[in-house]
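Me: I am new to this structure and would be grateful for a close look at one part of it, namely the second largest cavity and the parts of the protein that can be described along with it. Please give one connected account.

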Amino acid sequence: MVSLMKKGIVATCALASTALVSYSANAAEQPNAQKGTMGYGYKQYLEKHPDKNNQSKVQTEAGTTQQGNRVLDISEWQGDLTADQVKKLKDNYDFIIIRAQYGSENVDTSLEHNSELLDKYDLPFGVYSYSMYENPDDARYEAQTLYNRAPKASFYINDFEQNSVTSGSIDDSTNAWYDEMKGLAGNKKVLLYSYQNFMEENLTNTVSTYDGFWLANYNETQPSREYALWQYTDQYHSPELDQDVDANYTSPDKDTSWFIS
């Protein structure tokens, strides 16, 4: 069931749609400021704990100590992809990840365009939802809307990095999201994204339920804990898109087929 608060968000977004389109054109200049985009909660945490942020733009562009494959994740703040960009991405990546929604009612403005273009040029993609569920019913609904908006995605991600649960436990809601998505997606992988501090405080009983964990950790060295994907920077300059984006590495023990088969 969608809460009254979320219905209010829908009305607000409708009134602000014109401003949003204008704002999106300049959003690449301020990628860290966008609420509802992957890493937003993590970046707020880093602002309060600057000692936890050890990333170096030079070193992240040069590579790290791990042996996985690089993967990019993008949203509307990078704009609508062009056919030329998709072709260049396909030359260098086995798949990419795009945002589908923020909560259940706020759709990424580039989702339809980008997913259709990626599908047209046969570049596999995963999709994520920046989760704002308040209870298990709400979590199941958010999973449903994510799947319905991106049925051609190769895998699905619950981006849960800020506690929005108001009824019941975080575990109950986060497990409900997984159960609902798994019932819809079948054999496709379902991942949980968060940063380590938040996960350890809120999701230790839940993370193992998911098919894999996507860890946000802006650090120069490979994390010691197990992960399927590691988001190591938000400052990787993509030559295909000619702008800074989030960049990730797959786990050394998970090849491309694990994500997109």
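Reply: Two elements, strand E2 (96-102) and helix H6 (111-120), each supply at least two residues of the lining of the second largest cavity. The model is a predicted one. The full lining consists of Ile 74, Ser 75, Ile 98, Arg 99, Asp 108, Ser 110, Leu 111 and Asn 114. By class, these residues divide into three nonpolar, three polar and two charged. The volume enclosed is about 30 Å³, and a search of the whole structure finds two cavities of 30 Å³ or more.

Two of the lining residues, Ile 74 and Asn 114, lead on to Leu 81, since both are among its contacts. Leaving aside neighbours within four places in sequence, Leu 81 is also in contact with Val 86, Leu 89, Ile 96, His 113, Leu 117, Leu 118 and Leu 241.

Leu 81 belongs in turn to the largest nonpolar core, which has 66 residues. Together with Ile 96, Ile 97, Val 127, Ile 157 and Trp 177, Leu 81 is among the residues that touch the most other members of this core. The element that gives the most to the core is helix H8 (residues 170-185), with six residues.

Ile 157, another of those core residues, directs attention to strand E5 (residues 155-159), in which five of five residues are buried. Phe 155, Ile 157 and Asp 159 lie on one side of E5, and Tyr 156 and Asn 158 on the other, so that both faces are covered, because every one of these residues is buried, that is, under 20% relative accessible area. In a regular strand the side chains alternate between the two faces of the sheet. E5 pairs with strand E4 (residues 125-130) in the parallel sense, over five bridges. Within this pairing, Ile 157 of E5 is the bridge partner of Tyr 128.

An open site may be set beside the cavity. The second largest pocket has a volume of about 190 Å³ and is lined by ten residues. Those that lie nearest its centre are Tyr 42, Tyr 45, Lys 52, Gln 196 and Asn 217. Helix H3 (40-48) and helix H9 (196-202) are the elements that give two or more residues to the lining of this pocket. Its lining has four nonpolar, five polar and one charged residues, whereas the lining of the second largest cavity has three nonpolar, three polar and two charged.

How values were computed. Residues numbered from 1 in each chain as written. Predicted model: local features only at pLDDT ≥ 70, side-chain atom pairs only at ≥ 80, totals over all residues. Heavy atoms only, no water. 1 Å grid on protein atoms, 1.4 Å probe; cavity = no way out; pocket = protein on both sides within 12 Å on 5 of 7 lines; lining within 4 Å. Points joined across faces, edges and corners; volume = space filled by probe spheres on them. Helix = DSSP H or I, 4+ residues; strand = E, 2+ residues; numbered from the N terminus. Nonpolar A, V, L, I, M, F, W, Y, C, P; charged D, E, K, R; others polar. Core = buried A, V, L, I, M, F, W, Y, C linked by side-chain atoms within 4.5 Å. Buried < 20%, exposed > 50% of the residue type's maximum accessible area, 1.4 Å probe, protein only. Contact = heavy atoms within 4.5 Å. Pairing = 2+ DSSP bridges.
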